[in-house]
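Here is a short briefing on one protein model and its ligand. Look at the structure first, then work through the points below.

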Amino acid sequence: MLGGLERLEYRGYDSAGIAVVTSDPEKLAMAKKAGKLTNLAKVLAESPLPDGTAAIGHTRWATHGGPTDSNAHPHLAAGGRIAIIHNGIIENYHSLRTELMEQGVEFQSETDTEAAGHLLASFVDKGQTLAQAMRSTALRLEGAFTLLAIDAREPHTVVGTRRNSPLVVGLGDGENFLGSDVVAFIEYTRTALELDQDEIVEITPEGVTVTTLTGAVVEREPFEVTWDASAAQKGGFATFMDKEIHDQPAAVADTLRGRLDDHGRLKLDEGTIPEALLAAVDKIIVVACGTAAYAGMVAKYAVEHWTRIPVEVELAHEFRYRDPILTARTLVVAMSQSGETMDTIMAIRHAKQQGSPVAAIVNVQGSTIAREADAVLYTRAGPEIAVASTKAFLAQISAAYLLGIYLAELRGNKFADEIASLLRDLDEMPSKIQRVLDTAEPLRDLARDMASEKTVLFLGRHVGYPVALEGALKLKELAYIHAEGFAAGELKHGPIALIEEGQPVFIVLPSPRGREVLHSKVISNIQEVRARGARTVVIAEEGDEAAAQFADHLVTVPQTPTLLMPLVTVVPLQIFAHELATAKGYDVDQPRNLAKSVTVE
Ligand code: M6R
């Protein structure tokens, strides 16, 4: 159980707990502890839980109630006979809590989850089985939830349900599993079953039963998980993030591999959007959050240039609240590593309600966004465990390039030889990324040297702008340093006032080849900050003579066509943030206050 929780810890690490059904029909065994999973592991090392017949475990990202021992999951009900764990937010928990307290229930925590536990127990008390009680409970709940429960009197059963939060079933041999993500059980089985909204699942060692809220039995085909268990291990690296940074050449190569047929037609992984509809699309809106939204910004530059279709990029949490203009000819593209980001899920639901087709670029198979989109192009980055997104970012950009090339081909925006040339350029990217990784050592020294800096600025133009934003985000989330990314041309409109003697400024310089004007504008921006005392770190193409003159520190990347440059220019910024955070002694895989999948709005 601890191994599975360890692989899921990226989802939340405020506290953790496990409950086990033992031979006692009146009481479950349980241990839970605030803090990271290692705290729980210490408790268990001192007083191990007995072996049991069924168990549930949880790692938490606090919503209702702080990260304390008592707020940690599981939560007990029915005098310790029933235990429940929960992801998501139960929006009507307050009225449920009041109702239950009026019936004499005493609460032990400040969580919304505990109300669901006592409600479930009240149905079991009325003679319902655990599965029936879970159905009755789900019918009373509002909001987003994955719930799992065990009852000491049903010693071989775990029941679960989901609404707007993920839950996947792992089908083993004489054992079955439930997890928020397939990584929870890929050590034991790679055969998995998706669950739809509002389904109830009951697992025993012998079988799995899925039913709807009305009790109708659901038959569904299992799918094979393409990841293997070793992909969710550190593989000799000190951190998952470092391992995932080094996975990037493979992540990009795998995402690109075998994707276009002989005619340049894109092979989608799941679903379809009719070609006639794609040919008629008059606007694309990318909806995403955080790093995935920066991948969307890169996509905008490339897709607009190749297809001449206007592309908007919208933070998913802003999208549906501004009454966006959506028609049947608006292609909405959701980008998400996890496929479970609630803001992005809500954005695509809104788009579908308005009649717009939705394509998803997602990393996790069977995730909610993958299931709800009309068509899916999977990034093949493998499991990304570190909270900071790295290889998923590169894979998302690569998948977006494929989509852009496909649309350009379909709509006749590019000749066959131009498409072939773009594909050749893309094919060269994994080895170029590898070269950046192989030459990163001086950057690690620089990061250690800058460990005491209070502010770091990042500048870029064109596709270098989202790269600058991503460089700043990485530093903020890992090293807790104030960092800002700016469009380099914007500096003179205000932010240049921040520059003082010694201020570190990273500049992402576009290729001078074929983009002389763009290049020379950024060179001017470097001079402007240098003239005011900035210490410049310039990320430039190999052989860029001008860059060397204006850089206090020069980081070179292989020569690359401008639109593809983010795949190489972001890598030094990832390594810099990783190294600086490590030098400050921070846990780069699990930065404070964050969770990998943000499954609440
Ligand atoms: O799973 P998603 O790609 O939808 O996640 C979106 C963001 O929450 C995510 O990219 C976040 O910004 C990363 N922690 C950044 O490193």
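By class, the shell around the ligand holds five nonpolar, eight polar and two charged residues. Keep in mind that this is a predicted model. The briefing starts with the ligand and its surroundings, then turns to two details of the backbone.

**Where the ligand sits**
- The ligand occupies the second largest pocket.
- Which two domains give residues to its shell? They are domain 2 (236–427) and domain 3 (439–583), so the ligand lies between them.
- Two helices each supply at least two residues of the shell: H9 (290–307) and H17 (464–479).

**Who comes nearest**
- The ligand has 15 residues around it.
- Those that come nearest are Ser-336, Gln-337, Ser-338, Thr-341 and Glu-477.

**Polar contacts and burial**
- Glu-477 uses its side chain: an N or O atom there is 2.4 Å from an oxygen atom of the ligand.
- Ser-336 also uses its side chain, with a polar atom 2.6 Å from an oxygen atom of the ligand.
- Ser-389 uses its backbone instead: an N or O atom there lies 2.8 Å from a ligand oxygen atom.
- How much of the ligand does the protein bury? Taken alone, the ligand exposes 410 Å², and the protein buries 91% of that.

**Two backbone details**
- Most peptide bonds are trans, and most residues other than glycine have a negative phi.
- The bond between His-73 and Pro-74 is a cis peptide bond, with omega about 0°.
- Pro-74 belongs to the loop between strand S3 (54–60) and strand S4 (75–77).
- Ala-78 is not a glycine, yet its phi is positive, near 55°.
- Find Ala-78 in the loop between S4 and strand S5 (82–90).

Notes: Residues are numbered from 1 along each chain as its sequence is written. This is a predicted model: local features need pLDDT of at least 70, side-chain atom pairs count only at pLDDT 80 or more; totals for chains, interfaces and linings use all residues. Side-chain values use heavy atoms; hydrogens and water are left out. A residue is near a molecule or strand if one of its heavy atoms lies within 4 Å of it. A polar contact is a pair of N or O atoms within 3.5 Å; within protein, one must be able to donate a hydrogen and the other to accept it, and residues adjacent in sequence count only if both atoms are side-chain atoms. Accessible areas come from the Shrake-Rupley method with a 1.4 Å probe; for residues, only the protein chains shown count as cover. On a 1 Å grid over the protein atoms alone, a cavity is a set of points where a 1.4 Å probe fits but cannot get out, and a pocket is an open set with protein on both sides within 12 Å along at least five of seven lines; lining residues have an atom within 4 Å of a point. A molecule sits in a cavity or pocket if more than half of its atoms lie within 2 Å of its grid points. Helices (H or I, at least four residues) and strands (E, at least two) are DSSP runs, numbered from the N terminus. Ala, Val, Leu, Ile, Met, Phe, Trp, Tyr, Cys and Pro count as nonpolar, Asp, Glu, Lys and Arg as charged, and the others, Gly among them, as polar. Domain bounds come from an automatic or database domain assignment.
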